[in-house]
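Please open the model in your viewer and keep the sequence panel beside it, since each stop on this tour begins with a selection.

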Amino acid sequence: MAIITTTHLSFPLLLSPYPHHQQQHYLKPIPTVSFRSSIRVRAQGGVDKLGDFGARDPFPAEVASGFADKVLGNVDTEHKILIPNISALSLSQQQCTPLSPFQSPMSTTDAQKLLKKVIGWRLLEEEGGLKLQCLWKLRDFKCGVELINRIYKVVEAAGHYPNIHLEAPNQVRAEIWTAAIGGLSMNDFIVAAKIDDIKTSDLVPRKRVWA
């Protein structure tokens, strides 16, 4: 990279107040210096691809689009990178938290709102409180065992375990609730969302394709 600085000097001539026939002896150039510096950053090889200070001039099509009018903010605009809070994260990205046994279980209204964020789960209202339930129809018994193993790996990392039943010939049933508070908590929906992320496409029955 090379930085090229150019300086231009101008010397205007001022005529002295003496008679015309004597002016030739008293013409004195009085220098006034004006500086005009230009700094350009050039790539090796002398080709200016970036323009002044590393920028380039907009292309005609960009100027015609009026892209500059669509940019909000001034030169002193402060830009911040905001870290999303927990409410902005999906349920599967959140972590289970310890609960107090004195905490009240989740209401039916709140549970129905969160139910829209998990796939394939439904609410069960039983004497022991609300529960989440999900059913999987699999290709065979062996695929059912494989799904249970995959679920186990996920819930073990979360530290919150559902009840899982392998029902012949090819069905798996999972139920989640927080027994310590006698109903549902946020932890149950977090685990349900994590289970939703498990790959099952290789375990479900293959669709018959007709020619």
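Helices here are DSSP runs of H or I with at least four residues, numbered from the N terminus. With that in mind, and remembering that this is a predicted model, begin with the whole chain, which has four helices and eight strands in the order β-β-β-β-α-α-β-β-α-β-β-α from the N terminus on. Of its 211 residues, 26% are buried, and the chain exposes about 15,900 Å², of which carbon and sulfur atoms supply 58%.

Next, select residues 171-176, which form strand 8, where six of the six residues are buried. Q171, R173 and E175 point one way from this strand, whereas V172, A174 and I176 point the other way.

Now add the neighbours of strand 8. Strand 6, residues 129-137, runs antiparallel to strand 8 and is joined to it by six bridges, while strand 7, residues 163-167, also pairs with strand 8 in the antiparallel sense, over five bridges. Three residues lie between strand 7 and strand 8 in the hairpin that they form. If you then pick E175 in strand 8, you will find Q133 as a bridge partner and N163 standing opposite E175 as well.

Finally, move to helix 4, residues 186-196, and select K194 within it. Which side chain of opposite charge is nearest to K194? It is D197, 7.0 Å away, and K194 is buried yet has no salt bridge. Leaving aside residues up to four places away in sequence, display S92, Q94, Q95, V154 and A158, which K194 touches.

Technical notes. Residues are numbered from 1 along each chain as its sequence is written. This is a predicted model: local features need pLDDT of at least 70, side-chain atom pairs count only at pLDDT 80 or more; totals for chains, interfaces and linings use all residues. Side-chain values use heavy atoms; hydrogens and water are left out. Helices (H or I, at least four residues) and strands (E, at least two) are DSSP runs, numbered from the N terminus. Buried means under 20% relative accessible area, exposed over 50%, partly exposed in between (1.4 Å probe, protein chains only). Accessible areas come from the Shrake-Rupley method with a 1.4 Å probe; for residues, only the protein chains shown count as cover. Lys and Arg count as positive and Asp and Glu as negative; His and the chain ends are not counted. A salt bridge is a side-chain nitrogen of Lys or Arg within 4 Å of a carboxyl oxygen of Asp or Glu. Contact means heavy atoms within 4.5 Å. Two strands pair if DSSP finds at least two bridges between them.
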